Amino acid sequence: MEYSKTYVAKAEHIDVQEIMDGLYYPFYMEYCRHDYIREVLGFDFETEAKNGVYMVLSSYNISFLRSLKKGDEFTVTCTLYKDKAGLPKLHFKQAIMLNNKVMTKATFTGTCVPATGGRPYLPTSVLEKIADAPVLEE
């Protein structure tokens with residue numbers, strides 16, 4: 001299931017070249033991904049952290065294809081994939097789209113860890129929600 005949110009490039013995110021600074025693309029992707037995790041997976045970061053469960057990123061790969069400019073209204077997409085090897089990982093393929101063109105694309109990988117330390121895992125509630133998710137083949 002592809003999930004998406006629409007945002008506007010803020011003036012304070014624009015650099016001296018009059019394009020959005022590369023630092024901010026992952027932030028917009030994070031906003032969308034966190035909304036997806038909360039709304040679709042039912043995982044609330046604040047509540048879970050208080051309960052001793054941290055969801056953390058383990059890696060990401062991002063490609064910048066085109067630049068956004070101040071005031072651009074763009075869409076961020078997010079699609080969840082399970083791990084091919086069955087590891088306790090969530091893979092999120094994301095893109096930033098403007099006028100049906102891919103501006104930036106990325107894959108973010110995350111997992112959960114106990115706040116007290118320990119091995120990565122995915123809570124049962126999350127595993128139930130991702131049972132039918134496609135497998136990341138990359």
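Buried means under 20% relative accessible area, exposed over 50%, and partly exposed in between, with a 1.4 Å probe and protein chains only. By that rule Tyr36 and Phe92 are both buried.

This is a predicted model, where local features need pLDDT of at least 70, side-chain atom pairs count only at pLDDT 80 or more, and totals for chains, interfaces and linings use all residues. Residues are numbered from 1 along each chain as its sequence is written, and side-chain values use heavy atoms, with hydrogens and water left out.

## Overall fold

The chain has three helices and five strands. Their order along the sequence is β-α-α-β-β-β-β-α. Helices (H or I, at least four residues) and strands (E, at least two) are DSSP runs, numbered from the N terminus.

The C-alpha atoms fill a box of roughly 45 × 30 × 20 Å along the principal axes. The radius of gyration is 16 Å, which agrees with the value near 14 Å for a compact globule of 138 residues. It is taken over C-alpha atoms, and the globule rule is 2.2 Å times the number of residues to the power 0.38.

Of the 138 residues, 38% are buried. Contact means heavy atoms within 4.5 Å. Among contacts with a separation of 6 or more, 67% join residues 24 or more positions apart.

The chain exposes about 8,000 Å², and carbon and sulfur atoms supply 49% of that area. Accessible areas come from the Shrake-Rupley method with a 1.4 Å probe; for residues, only the protein chains shown count as cover.

There are 16 positive and 18 negative charges, and their mean positions are 4 Å apart. Lys and Arg count as positive, Asp and Glu as negative; His and the chain ends are not counted. Each charge is placed at NZ of Lys, CZ of Arg, CG of Asp or CD of Glu.

## Aromatic pairs

Rings of Phe, Tyr and Trp (its six-membered ring) pair if their centres lie within 6.5 Å; planes under 30 degrees apart count as stacked, over 60 as edge-to-face and the rest as tilted. The count comes to 11 aromatic pairs. One of them joins Tyr28 and Phe74: the ring centres are 5.0 Å apart and the planes stand at 90 degrees, so the pair is edge-to-face. Tyr28 lies in helix H1 (residues 24-39) and Phe74 in strand S3 (residues 73-82), so the pair ties together parts that are 46 residues apart in sequence. Both Tyr28 and Phe74 are buried.

Tyr36 and Phe92 form another edge-to-face pair, with 6.1 Å centre to centre and 80 degrees between the planes. This pair links helix H1, which holds Tyr36, to strand S4 (residues 90-98), which holds Phe92; the two residues are 56 apart.

Ring pairs also gather Tyr7, Tyr28, Tyr31 and Phe74 into a cluster.

## Thr107 in strand S5

Thr107 belongs to strand S5 (residues 101-114). Its relative accessibility is 14%, so Thr107 counts as buried. Leaving aside residues up to four places away in sequence, Thr107 touches Ser59, Tyr60, Asn61, Phe92, Lys93, Leu136 and Glu138. Phe92 is the partner of Tyr36 in the ring pair described above.

## Two loop residues with positive phi

Most residues other than glycine have a negative phi. Two loop residues have a positive one.

| Residue | Phi | Loop | Relative accessibility |
|---|---|---|---|
| Glu18 | about 65 degrees | between strand S1 (2-8) and H1 | 60%, exposed |
| Asn100 | near 65 degrees | between S4 and S5 | 76%, exposed |

## Two alanines

Ala115 sits in the loop between S5 and H3. With a relative accessible area of 35%, Ala115 is partly exposed. The C-alpha atoms of Ala115 and Val53 are separated by 5.6 Å, although the residues are 62 apart along the chain. Ala115 touches Gly52 and Tyr54, not counting residues up to four places away in sequence.

Ala133 lies in the segment after helix H3 (124-129). Its relative accessible area is 14%, so Ala133 is buried. From Ala133 to Tyr121 the C-alpha distance is 17 Å, at 12 residues apart in sequence. Beyond residues up to four places away in sequence, Ala133 touches Leu80 and Lys82.
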